Amino acid sequence: MNSVRASNVSRRPRRVSRPRPVQPDRNHQERGNNPLTSVSFAGRLNEDIPAEMVAEESGPGAQNSPYQLRRKSLPKRTVCPTKTNMEGASTSTTENFGHRPKRPRVSGKCPDLPAAPAEQYLQEKLPDEVVLKIFSYLLEQDLCRAACVCKRFSELANDPILWKRLYMEVFEYTRPMMHPEAGKFYQINPEEYEQPNPWKESFQQLYKGAHVKPGFAEHFYSNPARYKGRDNMFYYDTIEDALGGGQEPHFDGLIFVHSGIYTDEWIYIESPITMIGAAPGKVAEKVIIENTRDSTFVFMEGSEDAYVGFMTIRFNPDDKSAQHHNAHHCLEITVNCSPIIDHCIIRSTCTVGSAVCVSGQGACPTIKHCNISDCENVGLYITDHAQGIYEDNEISNNALAGIWVKNHGNPIIRRNHIHHGRDVGVFTFDHGMGYFESCNIHRNRIAGFEVKAYANPTVVRCEIHHGQTGGIYVHEKGRGQFIENKIYANNFAGVWITSNSDPTIRGNAIFNGNQGGVYIFGDGRGLIEGNDIYGNALAGIQIRTNSCPIVRHNKIHDGQHGGIYVHEKGQGVIEENEVYSNTLAGVWVTTGSMPVLRRNRIHSGKQVGVYFYDNGHGVLEDNDIYNHMYSGVQIRTGSNPKIRRNKIWGGQNGGILVYNSVSNFFL
């Protein structure tokens, strides 16, 4: 052993002081083979070589060597003190050359060691523009590896411009599509996002997915070197192929459908997949899926939590009116499934059926931010005990109703804009139900909201206005609760109630109608309670033809006609209302009508307070009637009301005026 060492000394006498090099461990070897970390690893190996050895090996011509940067001498390495040193024992740094001293496990940190010159140059001195140019040739996984090298590389490798380029190459979106949780997607403006790099964040959220991009799959799989590292991405030419690829080991159910028109694919969904359009600009307008023979999308049992979003879905049959298309739709959602349909444009040119059909027990989708318009049939049809949540949709210009609810359908419909329909806005019938909240329903050709045949919806805080006929039409034993709505500027009455219907109209503002406010006729019933009814062209409330509602706690004022008009054998209980400042009489009772008017305040009218004429009858009791320009009460032409316990005062033409030989009974 000594002879070998002596022989080495004779040839290179200065190597006697070199400690035996320690072989790097396997982790160091692997990192040394990685092109993104090999420079750093080489710098660490050079740290173990004494400066004088580097000077000798470089030779006399080292100053002109092209590798001078890598051979530059380094300051002598200092060994961290061991436990013995800390206790005061003296130990030389050149002892035990045959073994590299172990690093002591102490709580204090060793001083930072200077980086090798090559490493220092790459990590600190190479201009940012050059590093960014190099990084621009990397794919996403290589960028992430580069970010682990040092703090500067981490900052540069996370540059939003680099990630935007990669992101748009893969997904095509011109704004980041965020996917924070299952069933939730939305685009953001990068400038307004709180995190510095939304492109990278979105890339991470969307990374594992299948892509439907016609013509690109062959290119992708023919160039594995070009797309190395994208093993978690799959490319297909058709949606059917992508749905059939659900058995791939890394497939997590996310399918991106890229720009294009996809025609006559059979899309039956019976698993919780997620399918989303991927295109620049307005995504839904550039990803179009249509069918000419069958329903475009059919959701079947097993598709709970499925998601379809950001695309146009069309049913466009060659024969628009063929009867066999009655069973086909753009979207068909069947029993026991609850998919999410989000940010879609939905169109049907078939003249029968509907654009969206939700039917059957357990059918409970969430349809939101969709545009269901310009269809030649019904927009949204909910029937046969189906439910669901329908929010923030645009439903307009459909040939039939914007929404049909039938046969115990019971949806929740919030914040929808339902307008310019060529028929009624919302039609509930045949025991249809539903909860309608904060919808804007206007400018439909018939009523904004129609209730028929035992339907019983709840309509809360909606605006129902500018209907070309009426606002709300309840008929043929319809029911329903209409609460705290604004009903205004309709061509006919704001609310129509007829043919044995019995709705509750409570807490609404009913105003500025081109005819009356509430019109009850043809055996209509109902509870009219707590409403503010004003500014209508005809009577605030009109009751006729054997109708018998309960009218109480309303304010009926500033009408261009009378306040309450009861005629043609109208009846009803009218109590505790405030009727004032109307152009004609506060209350008219005529032609065989017999209402009960009890505990009302009827005042400040521009004519008479209560006017009975042409065989008007009824009961007038416990009312406060005052300050009218004519008399408080006027009775004429065969009328015979019962008048008792009223306060009648302040009339400019008397309290009670009776004439034309009328027989009246006063108590």
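# Exercises on a predicted protein chain

In the protein chain, 52% of the contacts with a separation of 6 or more are between residues 24 or more positions apart. The model is predicted.

## Exercise 1: The chain as a whole

Describe the secondary structure, burial and accessible surface of the protein chain.

Solution. Begin with the secondary structure, which comprises 15 helices and 56 strands. Next, consider burial: the chain has 667 residues, and 47% of them count as buried. Finally, turn to the surface. The accessible surface amounts to about 31900 Å², and carbon and sulfur atoms hold 50% of this area.

## Exercise 2: Two helices in contact

Determine how helix H11 and helix H12 pack, and which residues make the contact.

Solution. First, locate the helices: H11 covers residues 160-171 and H12 covers residues 198-206. Their axes lie 8 Å apart and form an angle of about 35°. The crossing of H11 and H12 is left-handed. The residues in contact come next. H11 contributes Pro 160, Trp 163, Lys 164, Leu 166, Tyr 167, Val 170 and Phe 171, while H12 contributes Trp 199, Lys 200, Ser 202, Phe 203 and Leu 206. Sorted by character, the residues of this contact are 9 nonpolar, 1 polar and 2 charged.

## Exercise 3: Strand S25 and its partners

Identify the strands that pair with S25, and state whether the residues on its two faces are buried or exposed.

Solution. In a regular strand the side chains alternate between the two faces of the sheet. In strand S25 (residues 426-429), Val 426 and Thr 428 lie on one side, Phe 427 and Phe 429 lie on the other, and all are buried. Now examine the pairing. Strand S22 (residues 403-406) runs parallel to S25 and is joined to S25 by 4 bridges. S25 is also joined to strand S28 (residues 449-452), again in parallel, by 3 bridges. Thr 428 is the bridge partner of Val 405, and the bridge partner of Thr 428 in S28 is Val 451.

## Exercise 4: Strand S34 and its partners

Which strands pair with S34, and which residues stand opposite Trp 496?

Solution. Start with the strand itself, S34 (residues 495-498). Val 495 and Ile 497 point one way, Trp 496 and Thr 498 point the other way, and all are buried. Strand S31 (residues 472-475) pairs with S34 in the parallel sense over 3 bridges. Strand S37 (residues 518-521) also runs parallel to S34, with 4 bridges joining them. For Trp 496, the bridge partners include Tyr 473 and, in S37, Tyr 519.

## Exercise 5: Positive phi in two loops

Where do Asn 512 and His 553 lie, and are they buried or partly exposed?

Solution. Take Asn 512 first. This residue is not a glycine, yet its phi is positive, about 55°. Asn 512 is in the loop between strand S36 (509-511) and S37. Its relative accessibility is 41%, so Asn 512 counts as partly exposed. Then take His 553, another residue other than glycine, whose positive phi is near 60°. The loop holding His 553 lies between strand S41 (550-552) and strand S42 (555-557). With a relative accessible area of 40%, His 553 is partly exposed.

## Exercise 6: The surroundings of Ile 345

Is Ile 345 buried or exposed, and which residues does Ile 345 touch?

Solution. Ile 345 belongs to strand S15 (residues 345-348). The cut-off for buried is under 20% relative accessible area. Ile 345 has 18%, and is therefore buried. Leaving aside residues up to four places away in sequence, Ile 345 touches Ala 284, Glu 285, Met 311, Thr 312, Ile 313 and Asn 371. Of these, Thr 312 is 33 residues from Ile 345 along the chain, and their C-alpha atoms are 4.5 Å apart.

Conventions: Residues numbered from 1 in each chain as written. Predicted model: local features only at pLDDT ≥ 70, side-chain atom pairs only at ≥ 80, totals over all residues. Heavy atoms only, no water. Axes fitted to C-alpha atoms, helices over the stretch in contact; angles between N-to-C directions. Left-handed = near helix turned anticlockwise from the far one by under 90°. Contact = heavy atoms within 4.5 Å. Nonpolar A, V, L, I, M, F, W, Y, C, P; charged D, E, K, R; others polar. Buried < 20%, exposed > 50% of the residue type's maximum accessible area, 1.4 Å probe, protein only. Areas by Shrake-Rupley, 256 points an atom, 1.4 Å probe, with all protein chains shown as cover. Pairing = 2+ DSSP bridges.
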